[in-house]
Amino acid sequence: MDGKYYAMTNTVKILELINKLQGKGLVLSGIIIHHLNNTSLNELYKILKATDARIYMYLHDFYTICPSSGLLRDYHDFCGVSFPNEQKCLGCSCLSETTIKRARHISVFIKKISNRTLFIFPSQSALENWREAYPEKSFHTTVILHQILSGEYKANMSPVSDSEPLRIAYVGYQAPHKGWAEWKEAVKRSHEAGCNYLYYQMGSCNEKIDFVQKCDIDFKKDINAMITALRENKIDCAVLWSLWPETYSFTFYESYSANCYILTNQLSGNIAAMVKQKGNGTAAENKNDLSALLLDESGLREKINSFRKKKEYGPDRLIENDAIVKLLRSDKKRYSVFPAHRSYSDYMSGCLLKVYSVYTYFRRKHLK
């Protein structure tokens, strides 16, 4: 907790801790579930069943639909918003009996807790996509963006002259489902065609392309590092070529904050939706259209300058959104916590965990 190791524990101990805190006058405001990966649904359900508190479940991705690949066939191509099954997933390297079973268990789990759960999504497009797999009208849902857009950034909006090279950047980390192969092909072809471009790759990348300037970005050291790099390099056009429906694209908002014109495709979920809403880019019909867009230099220049003439500025700052905390604070109900039932196996595991906790404490101390 807060970077400090305390102990190994089990489900019963967690329930006892909640009871103990309630006894000290602290009030249980709710239970937030951020992800189900590597989570025992049975143990989690024991905790949820032991209280009548409101549940807030944040859906960051599509793990609750496909727990193996997040709707990517062979971790590359978008395969549609539906649960895994042998017919749909035939030939996919992600298909296994475990995946299908896990997806079924998750679906049952979500339906079991739905009557007291608020399902929270980081974007409207993520909610709409998830609803294709979970169409139940009784489910309570809401959208809370990860960030608040503040102010206006007015730089990087001057028209680009015909003689000036366009600065084009692939924004984000290198991955097949982020459109890395399509980017490589497009920059190769446009470079060979003699297009007047300066190319940049901004983000984590192992592969180097000779004529592309690489800018390593470490957002863990500086959360605004990408925005700063895009602004300082005066990037005209950001390529966000995701090949699956992004639930929330930080790179979109970072590029938007630098007034970049954005190239994306219709598969990119939150990116395509925001480009249509903001009018600050092109959402191509086909995932293979990137080369054609870059080869048409005069057309791309015209698009960028038309966008800049509108003077519809991106945000000056992106602020972390704490609306979920406010949501918890607004719930004034006092929830109950029921006594935990301790079985013999709980007692034995508790003893073992005490021994293991001491061992782990000294092992960590020794490693430091």
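## The four-stranded sheet

In this predicted model, strand E1 and strand E2, the latter made of residues 55-58, pair in the parallel sense over three bridges. Within this pairing, Ile33 stands opposite Met57 in E2.

The two strands belong to an open sheet of four strands, whose order is E1-E2-E5-E6 and whose pairing is parallel. Its edge strands are E1 (31-33) and E6 (140-143), each of which pairs on one side only. If direction is ignored, neighbouring strands of this sheet are turned by 25 degrees against each other on average.

## Two nonpolar cores

In soluble globular proteins, nonpolar side chains tend to be buried together. Here the largest nonpolar core has 32 residues, and among these Leu36, Ile110 and Trp130 touch the most other members. At least two residues of this core come from each of E1, helix H2 (41-49), E2, helix H3 (97-113), strand E5 (117-121) and helix H4 (124-133).

Which residues is Ile110 in contact with, once its neighbours within four places in sequence are left aside? They are Met57, Thr64, Phe119, Trp130, Tyr134 and Phe139. Met57 in E2 has already appeared above, as the residue that stands opposite Ile33. A second core, separate from this one, has 28 residues, including Met157, Tyr199, Trp241 and Tyr261.

## Leu41 in helix H2

Leu41 has its place in helix H2. Is Leu41 buried or exposed? Its relative accessibility is 9%, and because residues under 20% are taken as buried, Leu41 counts as buried.

When residues up to four places away in sequence are not counted, Leu41 touches Leu36, Arg102, His105, Ile106 and Phe109. One of these contacts can be followed along the chain as well as through space: Leu41 and Arg102 are 61 residues apart in sequence, while their C-alpha atoms are 9.7 Å apart in space.

## The six-stranded sheet

Another open sheet has six strands in the order E10-E9-E8-E11-E12-E13, with parallel pairing. Strand E10 (212-215) and strand E13 (281-284) stand at its edges, and because each has a single partner strand, one side of each is left without a neighbour in the sheet. Neighbouring strands of this sheet are turned by 20 degrees against each other on average, direction ignored.

Inside the order of strands, E8 and E9 run parallel and are joined by six bridges. The bridge partner of Val171, for instance, is Met202 in E9.

## Helices across the sheet

Helix H8, which comprises residues 270-278, lies across E12 and E13 and runs at about 135 degrees to E12. Helix H10 lies across E8, E9, E11, E12 and E13, and runs at about 120 degrees to E12.

The length of H10 can be checked by a short piece of reasoning: H10 has 13 residues (297-309), and at 1.5 Å a residue these should span 18 Å, which agrees with the 18 Å between its end C-alpha atoms. The buried residues of H10 are Glu297, Gly299, Leu300, Arg301, Ile304, Asn305, Phe307 and Arg308. What do these buried residues pack against? Their partners are strand E8 (166-171), strand E9 (197-202), strand E11 (237-239), strand E12 (261-265) and helix H9 (290-295). Just after H10, Lys311 takes a positive phi of about 55 degrees.

Terms used: Residues numbered from 1 in each chain as written. Predicted model: local features only at pLDDT ≥ 70, side-chain atom pairs only at ≥ 80, totals over all residues. Heavy atoms only, no water. Pairing = 2+ DSSP bridges. Axes fitted to C-alpha atoms, helices over the stretch in contact; angles between N-to-C directions. Core = buried A, V, L, I, M, F, W, Y, C linked by side-chain atoms within 4.5 Å. Buried < 20%, exposed > 50% of the residue type's maximum accessible area, 1.4 Å probe, protein only. Contact = heavy atoms within 4.5 Å. Expected span 1.5 Å × (residues − 1).
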